[in-house]
Amino acid sequence: MALNGKLSTEIPIQAPASKWFDLFAKQLHDVQNHAERVHHSKLHEGEDWHHKESIKQWTFEIDGKVVTTKEKIESFDEEKKTITYTLFDGDISPHYKIFKFIFEVIEKEDGNASVKWSVEYEKNDDSVEPPYGYVEYLTKCARDIDANLLKA
């Protein structure tokens, strides 16, 4: 059985694509105010939330359990509206050697937009299940965030 994989979900959004990208590119600290399952976040190391060397600590809910992890930005592409986050330590490291969230805002030709979340991972061994709960978490958070961005 393969130890590495990638899971993705694409969620149609109603809020402007620019608001979505700005939230994740310039106001990441505010995500916890928009998504019910994000319990807490803090800057763990570094001077600001958006510098590649900065490390953030997150507490959120996956499959009904509160989990913690650290995260840092691996790559940022403003033109493609894509950000890759590497997650590590906490509840991730015992199960996964590599764990990444890839966030992408997709603007469609018809004026609609969507948010695509991908989870890339490498399991520590065959006994670890693929991270389906994280995909469900990202989908739920996307719906919460979209509703809140529409209100703003």
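Leaving aside its neighbours within four places in sequence, which residues is Phe-103 in contact with? I began my notes with this question, and I kept in mind that the model is predicted, that local features need pLDDT of at least 70 and side-chain atom pairs pLDDT 80 or more, and that totals for chains, interfaces and linings use all residues. I number residues from 1 along each chain as its sequence is written, and the side-chain values I quote use heavy atoms, with hydrogens and water left out.

**Entry 1: Phe-103.** Taking contact to mean heavy atoms within 4.5 Å, I found that Phe-103, with neighbours within four places in sequence set aside, touches Trp-20, Phe-21, Phe-24, Lys-81, Thr-82, Ile-83, Tyr-85, Val-115, Lys-116 and Trp-117.

**Entry 2: the record and the whole chain.** I looked up the UniProt annotation, an unreviewed entry, which gives "domain: Bet v I/Major latex protein" for residues 2-152; its positions are in the numbering used here, feature names are shortened, and such annotations may be inferred rather than shown by experiment. Over residues 2-152 I read 20% helix and 46% strand, with the end C-alpha atoms 43 Å apart. Helices (H or I, at least four residues) and strands (E, at least two) are DSSP runs, numbered from the N terminus.

**Entry 3: the core.** I then turned to the largest nonpolar core, a term for a set of buried Ala, Val, Leu, Ile, Met, Phe, Trp, Tyr and Cys residues joined through side-chain atoms within 4.5 Å; buried means under 20% relative accessible area, exposed over 50%, and partly exposed in between, with a 1.4 Å probe and protein chains only. This core has 43 residues, and Trp-20, Phe-24, Tyr-85, Phe-99, Phe-101, Phe-103 and Trp-117 touch the most other members. Among the elements that each supply at least two residues of the core are strand 1 (4-13), helix 1 (17-26) and helix 2 (132-151), and helix 2 gives the most, with 8 residues. I noted beside this that, in soluble globular proteins, nonpolar side chains tend to be buried together.

**Entry 4: aromatic pairs.** I counted rings of Phe, Tyr and Trp (its six-membered ring) as paired if their centres lie within 6.5 Å, with planes under 30 degrees apart called stacked, over 60 edge-to-face and the rest tilted. The structure holds 15 aromatic pairs. Phe-21 and Phe-76 form a tilted one, at 5.7 Å centre to centre and 45° between the planes. Phe-21 lies in helix 1 and Phe-76 in strand 4, so this pair ties together parts that are 55 residues apart in sequence. Phe-21 is buried at 5% relative accessible area, whereas Phe-76 is partly exposed at 38%. I also looked at Phe-101 and Trp-117, an edge-to-face pair at 5.9 Å centre to centre and 75° between the planes; Phe-101 sits in strand 6 and Trp-117 in strand 7, 16 residues apart. Phe-101 is buried at 7% relative accessibility, and Trp-117 is buried at 6%.

**Entry 5: loops.** In the loop between strand 4 and strand 5 I found Lys-80, which is exposed, with a relative accessible area of 59%. With neighbours within four places in sequence set aside, Lys-80 is in contact with Glu-104 and Val-105. Asp-63, in the loop between strand 3 and strand 4, has a positive phi near 50° although it is a residue other than glycine.
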